[in-house]
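User: I am new to this structure and would like a quick tour. Please take my questions one at a time.

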Amino acid sequence: RVYKFHQYHKVTISRAFYMAATDVTKTQWDTVRNWGLNNGYPDLPVGRNGYEGNVGGTNPVTEVSWYDAVKWCNARSEQGGRMPVYTVSGSIYRTGKKDEVVCDWNANGYRLPTEAEWEYAHEFGTTTSYYRYAWCWDWIGFYDFSPVTDPKGPDVPLFDSSWQRAARGFDSLQHWATFSTRWWRFRAAFAPSVADRAIGFRLVL
């Protein structure tokens, strides 16, 4: 399910954050995955090298699910001596497909952006994604058009959880006369188990 933006709403980001300038590449994915397979992360998939599956590792990793991206973030944190952000029942999330994942916003590890952080970063200068969509932390939800601070999405799924993790991305439309390209920001909802060649992710600290 895909949603275009038709109305702006005021959001305040009160905490500083760093977002990677580019998407997680296949090479980065492989490095952490190889470490993770020997350190308690047994089910991180191979992933795909970009939309076309090209040779080399400089393209964004794709064909990784939301669950995969979150577990990889934890593996990257542990590999680098940081505190993992994502837990299930108080334990570090390392394996399986768990919808009850909790995010510790005070941990110093790597994580997915919230929708609000993604929007802010792409409004003010990060590199455009090479693929169409990037996973976000949030369960998909309705916008509150009154001013809000640090929104993180609903605490629980509002509908059927099989399609409700948020993803954000871009598409382009070329004007027939001027051949100029206009980019559109999109909001989408996918099952957290979906691993598609058009979906990757970006890191936040």
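User: Which residues does Trp-72 touch, not counting residues up to four places away in sequence?
Analyst: This is a predicted model, and Trp-72 has its place in helix α2. Not counting residues up to four places away in sequence, the residues that Trp-72 touches are Val-24, Gln-28, Trp-29, Val-32, Arg-33, Leu-44, Phe-201 and Leu-203.

User: Is Trp-72 buried or exposed?
Analyst: Buried means under 20% relative accessible area. Trp-72 has a relative accessible area of 1%, so Trp-72 is buried.

User: What separates the C-alpha atoms of Trp-72 and Tyr-41?
Analyst: Along the chain, Trp-72 and Tyr-41 are 31 residues apart. In space, the separation of their C-alpha atoms is 8.3 Å.

User: Which element supplies the largest share of the largest nonpolar core?
Analyst: The largest nonpolar core has 33 residues, and Tyr-86, Leu-112, Trp-135 and Phe-201 touch the most other members. At least two residues of this core come from each of α1 (26–37), α2 (66–79), β5 (86–88), β8 (133–139) and β11 (181–190). The largest share is 7 residues, and it comes from α2.

User: How many residues are in the other core, with Trp-118 among them?
Analyst: This core lies apart from the largest one. Its members include Trp-118, Ala-134, Cys-136 and Ala-189. The number of residues is 6.

User: How many residues of helix α3 are buried?
Analyst: Helix α3 covers residues 115–123. Its buried residues are Glu-115, Ala-116, Glu-117, Trp-118, Glu-119, Ala-121 and His-122. The helix is therefore largely enclosed by the rest of the structure, and the buried count is 7 of the 9.

User: Which side chain makes a polar contact with the side chain of Arg-111?
Analyst: Arg-111 is found in the loop between β7 (102–103) and α3. Its relative accessible area is 9%, so Arg-111 is buried. Leaving aside neighbours within four places in sequence, its contacts include Phe-17, Tyr-86, Trp-105, Glu-117 and Arg-202. The polar contact, at 2.8 Å, is with the side chain of Glu-117.

User: Which strand is joined to β8 by 2 bridges?
Analyst: In β8, 7 of the 7 residues are buried, so this strand is largely enclosed by the rest of the structure. Its residue Ala-134 stands opposite Gly-200. The two strands run parallel, and the partner is β12 (residues 199–200).

User: What is the angle between the planes of Trp-66 and Trp-137?
Analyst: The model has 11 aromatic pairs. Trp-66 and Trp-137 form one that is tilted, at 5.8 Å centre to centre. This pair links distant parts of the chain, with Trp-66 in helix α2 and Trp-137 in strand β8, 71 residues apart. The angle between the planes is 40 degrees.

User: Are Trp-66 and Trp-137 buried or exposed?
Analyst: The cut-off for buried is under 20% relative accessible area. Trp-66 is at 0% relative accessibility, so Trp-66 counts as buried. Trp-137 is at 9% relative accessibility and also counts as buried.

User: How are the rings of Tyr-86 and Trp-137 arranged, stacked or tilted?
Analyst: The centres are 5.6 Å apart. Planes under 30 degrees apart count as stacked. Here the angle is 20 degrees, and the pair is stacked.

User: Which residues form the aromatic cluster that includes Tyr-86?
Analyst: Tyr-86 is buried, with a relative accessible area of 0%. Tyr-86 lies in strand β5, and its ring partner Trp-137 lies in strand β8, 51 residues apart. The cluster is formed by Trp-66, Tyr-67, Tyr-86, Trp-105 and Trp-137.

User: Which strands are at the edges of the open sheet of 3 strands?
Analyst: The order of the sheet is β6-β5-β7, with antiparallel pairing. Between β5 and β7 there are 2 bridges, and Thr-87 has Val-102 in β7 as its bridge partner. An edge strand pairs on one side only, and the edge strands are β6 (91–92) and β7.

User: Where does pLDDT stay under 50?
Analyst: The mean pLDDT of the chain is 83, and 79% of its residues reach 70 or more. Where pLDDT is low, the predicted coordinates should not be read in detail. The stretch under 50 has 21 contacts beyond four places in sequence in the model, and it covers residues 1–6.

Notes:
Residues numbered from 1 in each chain as written. Predicted model: local features only at pLDDT ≥ 70, side-chain atom pairs only at ≥ 80, totals over all residues. Heavy atoms only, no water. Buried < 20%, exposed > 50% of the residue type's maximum accessible area, 1.4 Å probe, protein only. Helix = DSSP H or I, 4+ residues; strand = E, 2+ residues; numbered from the N terminus. pLDDT = per-residue confidence, 0-100. Contact = heavy atoms within 4.5 Å. Core = buried A, V, L, I, M, F, W, Y, C linked by side-chain atoms within 4.5 Å. Polar contact = N/O pair within 3.5 Å; in protein donor to acceptor, adjacent residues only side chain to side chain. Pairing = 2+ DSSP bridges. Phe/Tyr/Trp six-rings, centres within 6.5 Å; stacked < 30°, edge-to-face > 60°.
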